[in-house]
Amino acid sequence: MRESGRRPNSPPASADVKDHFVKDYFVHESSFVDDGAVIGKGTKIWHFCHVMSGAQIGENCTLGQNVFVARNVKIGNNVKIQNNVSVYEGVIIEDDVFCGPSMVFTNVKTPRSAFPRNTRDDYAVTLVKRGASIGANATVVCGVTIGEWAFVAAGAVVTKDVPPYALVAGVPGRIIGWACECGIPLKFEGDTAVCRECGREYEKRECENRGEQCDLGNPEAPCDLRNLCNPYNPFNFAIVRKTASGRRGR
Ligand SMILES: [Zn+2]
C-alpha cells in the first residue's frame, strides 16, 4: 500500500502495521512519498513534494513546498529545506543543515542531453556537513564538500570545497569571512574572535604547509588542520572553536 498522502491525524486506512509508524511524521496530502523511502519521527513534508524510493530523511526535518528528494539521498536530523529545492541523487546532507529557498544542487559535472549521464556512476557526490547553511538561490556545483557550520550567502555559486565556519559569497563563490555556529559573522581581533550574539569563542590555526604541497584532506597527513581546511582556502589559517578548556569542541 502506498504511503503517499497519508497524514498522521488521519484514521488508519487499514490495520496495516505501517500505519503506526506513519503517525510519527507528517506528509501533506498533495505530496508523494514512494514506497521504500524512510522518514524519521517528527519530520514534516509540506505541499507538492516528492520523496523517492530509497531516500532516507532523518528526524525533525522540514521540507517546504515543492521539494524533491531523489532516490538514495541521505538527509540527517533537524534539516530544514525551504521551498523549491531539488535534492538530487549523490547529495548527502548531515544534521542541522539549512537549505534556503530555491537553492540548487546539481549531480552531473558535464550534462549533455545528447549524451545522457544518468546512472549512479555518473553522479558526483556533494556533501553538506553538519550545521551548514546555504542561502536563498545559491547554487552548489556537484562534487564539493561544504564544511561544518559553513555559511553560503544568498546567490553564491559554490564551485570548490568550503572549509568549516567559512562564509562564502559571490560568483564564483569566495571566502569573504567566517561565521559562528549560531550564524553571526565573526570579527577577529588578532587570532581570536568572540561571537557578539552567543559568546562562542574561536581561534585561528595557522597552516604550516601553505606554499608547499598541501596535505589537507589527507587523513594520514601530519597537518592537524586536515579536517578544518582545504586546498582552496585562500587564507593561511583555518578556524576552530575554543571551549573553556581551550580545546576544540561543540
Ligand atoms: Zn554565535
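1. In this predicted model, a convenient place to begin is the hairpin that strands S24 and S25 form, with six residues between them; within the turn, glycine 199 has a positive phi of about 80°. Strand S24 covers residues 192–194 and strand S25 covers residues 201–206, and the two pair in the antiparallel sense over three bridges. Across this pairing, alanine 193 stands opposite tyrosine 202 in S25.

2. Strand S25 also pairs with strand S26 (residues 237–242), to which it is joined by six bridges, again in an antiparallel run. Here glutamate 206 has phenylalanine 237, in S26, as its bridge partner.

3. The zinc site involves the loop of the same hairpin, since cysteine 198, one of the residues that coordinate the ion, lies in the loop between S24 and S25. The complete set of donors is the SG atoms of Cys180, Cys182, Cys195 and Cys198, at 2.2 to 2.3 Å from the zinc ion, and along the chain these donors follow the spacing C-x1-C-x12-C-x2-C. Cysteine 182, which is in the loop between S22 and strand S23 (188–189), and cysteine 198 are 16 residues apart, and the pair links distant parts of the chain.

4. What is the arrangement of the four donor atoms around the zinc ion? The angles that they subtend run from 101 to 117°, and the arrangement is therefore tetrahedral; for comparison, ideal angles for four tetrahedral donors are 109.5 degrees. As for accessibility, cysteine 182 counts as partly exposed because its relative accessibility is 38%, and cysteine 198 counts as partly exposed because its value is 34%.

5. Turning to the sheet, nine strands form an open sheet of mixed pairing, in the order S1-S4-S7-S10-S13-S16-S19-S21-S22. Its edge strands are S1 (26–27) and S22, each of which pairs on one side only. Within this sheet, strand S19 (residues 151–152) and S21 pair in the parallel sense over two bridges, and phenylalanine 151 has leucine 167, in S21, as its bridge partner.

6. The largest nonpolar core has 54 residues, and those with the most contacts inside it are Leu63, Ile81, Ile93, Phe105, Ile134 and Ile146. At least two residues of this core come from each of S12 (91–93), S21 (166–169), S22 (174–178) and S26. In soluble globular proteins, nonpolar side chains tend to be buried together. Leaving aside neighbours within four places in sequence, leucine 63 is in contact with several residues, among them Trp46, Cys49, Val69 and Ile81.

7. Is phenylalanine 98, in strand S13 (residues 98–99), buried or partly exposed? Its relative accessible area is 31%, so phenylalanine 98 is partly exposed. Not counting neighbours within four places in sequence, its contacts are Lys80, Gln82, Ala132, Ser133 and Ile134. The C-alpha atoms of phenylalanine 98 and cysteine 61 are separated by 10.0 Å, although these residues are 37 residues apart along the chain.

8. Asparagine 107 deserves a separate remark: it lies in the loop between strand S14 (104–105) and strand S15 (126–128), and it counts as buried because its relative accessibility is 13%, under the 20% limit. A polar atom of the asparagine 107 side chain lies 3.0 Å from the backbone oxygen of glutamate 89. Apart from residues up to four places away in sequence, asparagine 107 touches Tyr88, Glu89, Asp122, Tyr123, Ala124 and Cys142.

Definitions and conventions
Residues numbered from 1 in each chain as written. Predicted model: local features only at pLDDT ≥ 70, side-chain atom pairs only at ≥ 80, totals over all residues. Heavy atoms only, no water. Pairing = 2+ DSSP bridges. Helix = DSSP H or I, 4+ residues; strand = E, 2+ residues; numbered from the N terminus. Core = buried A, V, L, I, M, F, W, Y, C linked by side-chain atoms within 4.5 Å. Buried < 20%, exposed > 50% of the residue type's maximum accessible area, 1.4 Å probe, protein only. Contact = heavy atoms within 4.5 Å. Donors = N, O, S within 2.8 Å, 3.2 Å for Na, K, Ca; no water. Tetrahedral: all angles 85-135°; square planar, octahedral: opposite > 155°, others 65-115°. Polar contact = N/O pair within 3.5 Å; in protein donor to acceptor, adjacent residues only side chain to side chain.
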